[in-house]
Amino acid sequence: MKHLVLAMSVFPAALSAEQTRSVDAHVHGAGTVGIAFSGSDFSLSLEAPGADIVGFEHAAVTAEDRDLVQAAISDLAKPLTLFVVSDEAGCTVKSANVSVAMSQIGEHETEGDHSGEATEEHDHSEHAEDHAAVHSEFHAEYVMTCQNIDAIDGIRFDYFERFPNAQELDVQVVSPKGARAYEIGRSDVELDLREMF
Ligand SMILES: [Zn+2]
């Protein structure tokens, strides 16, 4: 209870200061996944902070930034390499849409006095990010179709191997048997779906 009261007294002020647009409030390291099985298809949607996918959330400025974003989009466009199901299911990608949403927070925390800071070791990219208070998210929507969908007994999240800054995913699964929520982390990347079929 003590913790709850403490959180309540701090959080509403932070929330009201945020002017988020297409980017929901997110926690760096944590993404969300929605999976729905229907007939021989399943859909999968992913929302992940830019911090998890490319390690930054500011607009891609340098050529290196742009390369990182392009490589991420290219890899996110191949969902069956990130969210791996049994070969026996014979799944192929029917559609894959990947986008990047950016949101500039209207107000940000007052910056401290920078005049005393050492300049030699100063990381300018991080400094700029602090000032802009920008958050970005990668959004992806997929539909897969499978010859033998009953052969899917789980999903292995190689996503965590590809994106080393990602720590966890909150996963919602809907199947004809109902709906369930799971949490998948990089220490255990196997989602067991046997009870969903
Ligand atoms: Zn963020």
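In strand S2, Ser 43 is the bridge partner of Ala 36; helices (H or I, at least four residues) and strands (E, at least two) here are DSSP runs, numbered from the N terminus. The model is a predicted one, so local features need pLDDT of at least 70 and side-chain atom pairs count only at pLDDT 80 or more, while totals for chains, interfaces and linings use all residues. Residues are numbered from 1 along each chain as its sequence is written, and side-chain values use heavy atoms, with hydrogens and water left out.

That Ala 36 bridge belongs to a wider pairing: S1 and S2 run antiparallel and are joined by seven bridges. Two strands count as paired if DSSP finds at least two bridges between them. S1 and S2 make a hairpin with two residues between them, and Gly 39 in the turn shows a positive phi of about 60°. On to S5: nine bridges join S2 to S5, again running antiparallel, and Leu 44 has Tyr 142 in S5 as its bridge partner. As background, strands of a sheet pair through backbone hydrogen bonds, either parallel or antiparallel.

There is also an open sheet of three strands, ordered S3-S6-S9 with antiparallel pairing. Strand S3 (83-84) and S9 sit at the edges with a single partner strand each, so one side of each is left without a neighbour in the sheet. Strand S6 (residues 154-157) pairs with S9 over three bridges in the antiparallel sense, and Gly 154 finds its bridge partner in Asp 192 of S9.

Back in strand S5, where Ser 136 lies, this residue counts as buried at 4% relative accessibility. The cut-offs are under 20% relative accessible area for buried, over 50% for exposed, and partly exposed in between (1.4 Å probe, protein chains only). Leaving out residues up to four places away in sequence, Ser 136 touches His 26, Ala 48, Pro 49, Gly 50, Phe 56, Glu 57, Val 100, Ala 101 and Met 102, where contact means heavy atoms within 4.5 Å.

S5 also holds one end of a disulfide, Cys 91 to Cys 146, with the sulfur atoms 2.1 Å apart. The rule is a pair of cysteine sulfur atoms within 2.5 Å, and by it the count comes to one disulfide. Cys 91 lies in strand S4 and Cys 146 in strand S5, so the pair ties together parts that are 55 residues apart in sequence. The link is right-handed, with 105° about the S-S bond, and both cysteines are buried.

Helix H3 (residues 63-76) comes out at the expected length: at 1.5 Å a residue its 14 residues should span 20 Å, and the end C-alpha atoms are 20 Å apart, which agrees. The expected span is 1.5 Å times one less than the number of residues. The buried residues of H3 are Asp 65, Val 69, Ala 72 and Leu 76. Seen down the helix axis, these fall within an arc of 65°, so they line one face of H3; the arc is that of the directions from the helix axis to the C-beta atoms. The face turned away from the buried side carries the exposed residues Glu 64, Asp 67 and Gln 70. What the buried residues of H3 pack against includes strand S2 (41-49), strand S4 (91-104), strand S5 (134-146) and helix H6 (159-162).

The largest nonpolar core has 40 residues, and those with the most contacts inside it are Ile 35, Phe 42, Ile 152, Tyr 159, Val 171 and Leu 191. Such a core is a set of buried Ala, Val, Leu, Ile, Met, Phe, Trp, Tyr and Cys residues joined through side-chain atoms within 4.5 Å. Elements that each supply at least two residues of this core include S1, S2, H3 and S5, with the largest share, five residues, coming from S5. Leaving aside neighbours within four places in sequence, Tyr 159 is in contact with Leu 46, Ala 48, Asp 52, Ile 53, Leu 82, Phe 83, Ala 166 and Leu 169.

Two further residues round things off. Met 196, in the segment after strand S9 (190-192), is buried, with a relative accessible area of 4%. The C-alpha atoms of Met 196 and Lys 177 are separated by 5.7 Å, though the two are 19 residues apart along the chain. Asn 165, in the loop between H6 and S7, counts as partly exposed at 40% relative accessibility.
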